[in-house]
Amino acid sequence: MIQVKNVTKDFTIYKKDSGFKGAVKGLFVRKKEIIKAVNDISFEIKKGEIIGYIGANGAGKSTTIKMMTGVLTPSSGEITVSGLIPHENRIENAKHIGVVFGQRTQLWWDLPLEETFTILKEIYNVPDDAYKERLDYLVNLLDIQAFIKQPVRTLSLGQRMRADLAAAMLHSPDILYLDEPTIGLDVLVKEKIRFAIKDLNEKYKVTVILTTHDMSDIQELATRIMIIEKGVIIYDGSKEDINKRFGNNRMLELKIENLSETLLQEVSVMCHKKDKKSIVIHEDVVLRITFNQDRLAVADILGFVMSQCKVLDFKLRDQDIEDIAKRLYAGGIHEEVV
Amino acid sequence: MRYLRIYKIFLKQYLKTLMEYRSDFLIGMLSFFIVQSSNLIFLTLIFKRIPNLNGWTFEEVLFIYGFSQIPRGLDHLFTDNLWLLANEYVRSGSFDKYLLRPINPLFHLIAERFQPDAFGEMIVGLSIFGYAYHLLNLSFTGIQWLLLIIAVLSGSLIYTSIKLAAGSIALWTKRSQHVLFIIYQLSDFASYPLTIFSTFVRMILLIVVPFAFVAFVPASVFLDKPYIPLGILTGAIVAFVMWFISYNFIWKRGLQVYESTGN
Ligand SMILES: Nc1ncnc2c1ncn2[C@@H]1O[C@H](COP(=O)(O)OP(=O)(O)O)[C@@H](O)[C@H]1O
Ligand SMILES: [Mg+2]
């Protein structure tokens, strides 16, 4: 349904020196810098998939989405969406897609929501019957009735986001692009939005491309994950396989009686001997060890610690997407890839 | 047809919101009438001293001035959103949405805003035009009225094309408010007889930003003092050429290079 092949997007930015002198200088010579916002990415998306597209700020997620929706023209490479080249056939492409940018609304600020929908009906040329049915469905699904008569500018962020989502789906598009649709929302609204996305996907086979910083969005919705870092896609696969790709990490938490500095040292040395990248930290009486289980066995750690002191309690946890994301956002997972 | 329907809906919605912001509207009208009357007072004062301006009488100058406000108002009425394109839509990234809807993005942009302040220009223009028509004892034939309509439409199209060209520069530079403003200021020259300006200014108004064809050239035809032969036809051709260039080579090219904004 969507093919992206060796796509790159460069932005040229002009650096300005600060101050008056810089401004004057800027009139004559400008320092050019080329940013590869997206660097030679390729993937295919099939009908009905829900892609969780994640990456740190500035990684290139929005740029990718803007190219797929036809807003931006790729610097090189090819994109086809249902057989169309989006930036060359913007109008045709727009008929089949819905887009929500969490950061800014596409609704008309001064118009009551209801009127907004009637305008969109005309713009997308939705027949009367289909429109009625669809509007009923969306109003119900997203719980919009209560504020449908209010001007968009008076809506809360959560209401506005639901309204934006409804507006994007009014013409029954096959593909839904969501760029940070849950940003800044409270848990209840997030739940509603997730439920709606799921429902649209299950009932209408809508293909969804979703960027988010909220890993529970990904856990609950995504059928496939793509991770982008500095413009390069570094992971594309299932939620389950992600652990294999980024080191089979686990975390062991031990509650210890009389945790001492020496013990901490000894455990640390012991762990590092087998897994150089293991991390041993402590908080009060809790010792937290993150390690790769291909190199270091749980039993070894437990055995060692128990021979030295009394363990009151312990917890073992698999690394989840949240942990991976944390490492990702903290500044790169790339070099850790095995 | 569908586009007409969409336009009607936008217009209806716009008028509704206008009611909410009535005071804005009134202030807009008021400031407009102040500007217009100061222009007129200025004209009258000049003509008190020099009854003949480079071969143009007071009545004729009034005729040109009044005429010039009509296409100006017509363009202003419909395409005011080009100012916002130049000023903020690109910079803020809100321009994205026009590229995400299945209608012509320029139509979408323009249909979204309707500027009733422009009625002021048109009313003033028509009144002065009518007054001068009367003073000059003109009596147009049917054909002349028809030509007049063509001239007004061509004039509006010239305005729109120039605004579109200057506004589209924002698609490259993020903001072109200042360019648009300066160029738009030039149109003030178009309300007066071209012959009173230096050759340099004249050349600019005829060739570079052809505001001369908005009012002066056609008005000179109706006043029987044609500045160039076939003034109306030439004006219409200029309008179409300007539109063609602005739409295809500036606006459309601009859409291809449009970069949206990072967050
Ligand atoms: N219109 C633009 N002009 C210049 N640089 C941009 C533009 N859009 C994005 N960028 C840059 O490209 C990179 C990727 O941005 P973006 O795709 O918005 O990242 P993300 O959505 O993952 O946070 C960033 O470095 C950003 O600053
Ligand atoms: Mg983004």
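I started at ligand 1 and looked for polar partners of its nitrogens. A polar backbone atom of B:Glu259 sits 2.8 Å from a nitrogen atom of ligand 1. This is a predicted model, so I read that distance as computed.

I then checked B:Gly262, and a polar backbone atom there is 3.3 Å from a nitrogen atom of ligand 1. Over on chain A, I found a backbone N or O atom of A:Gly58 at 2.7 Å from an oxygen atom of the ligand. I also looked up the cover: ligand 1 alone exposes 550 Å², and 83% of that is buried by the protein.

Next entry: the shell. I got 15 residues around ligand 1, with A:Gly58, A:Lys61, A:Ser62, A:Thr63 and B:Glu259 as the closest. I noted the site as shared between chains, because the residues surrounding ligand 1 come from A and B. By type, I have 8 polar, 5 nonpolar and 2 charged residues in the shell.

Which elements of chain A each supply at least two shell residues? I wrote down strand S1 (2–15) and helix H2 (61–69). H2(A) gives the most, with 3 residues.

Last entry: away from the ligand, I looked at a nonpolar surface patch on chain B. I listed B:Leu230, B:Leu233, B:Ile237, B:Val241, B:Phe244, B:Ile245 and B:Phe249, with about 680 Å² of accessible area together. I picked out B:Ile237, which belongs to helix H12 (residues 231–257) of chain B. Buried or exposed, or partly so, is B:Ile237? I put B:Ile237 down as partly exposed, because its relative accessible area is 47%.

Notes: Residues are numbered from 1 along each chain as its sequence is written. Chains are lettered from A and ligands numbered from 1 in the order in which they are written. This is a predicted model: local features need pLDDT of at least 70, side-chain atom pairs count only at pLDDT 80 or more; totals for chains, interfaces and linings use all residues. Side-chain values use heavy atoms; hydrogens and water are left out. Patches are made of residues with over 30% relative accessible area and no salt bridge: like charges are joined within 9 Å, nonpolar side chains (Val, Leu, Ile, Met, Phe, Trp, Tyr) within 5 Å. Accessible areas come from the Shrake-Rupley method with a 1.4 Å probe; for residues, only the protein chains shown count as cover. A salt bridge is a side-chain nitrogen of Lys or Arg within 4 Å of a carboxyl oxygen of Asp or Glu. Helices (H or I, at least four residues) and strands (E, at least two) are DSSP runs, numbered from the N terminus. Buried means under 20% relative accessible area, exposed over 50%, partly exposed in between (1.4 Å probe, protein chains only). A residue is near a molecule or strand if one of its heavy atoms lies within 4 Å of it. A polar contact is a pair of N or O atoms within 3.5 Å; within protein, one must be able to donate a hydrogen and the other to accept it, and residues adjacent in sequence count only if both atoms are side-chain atoms. Ala, Val, Leu, Ile, Met, Phe, Trp, Tyr, Cys and Pro count as nonpolar, Asp, Glu, Lys and Arg as charged, and the others, Gly among them, as polar.
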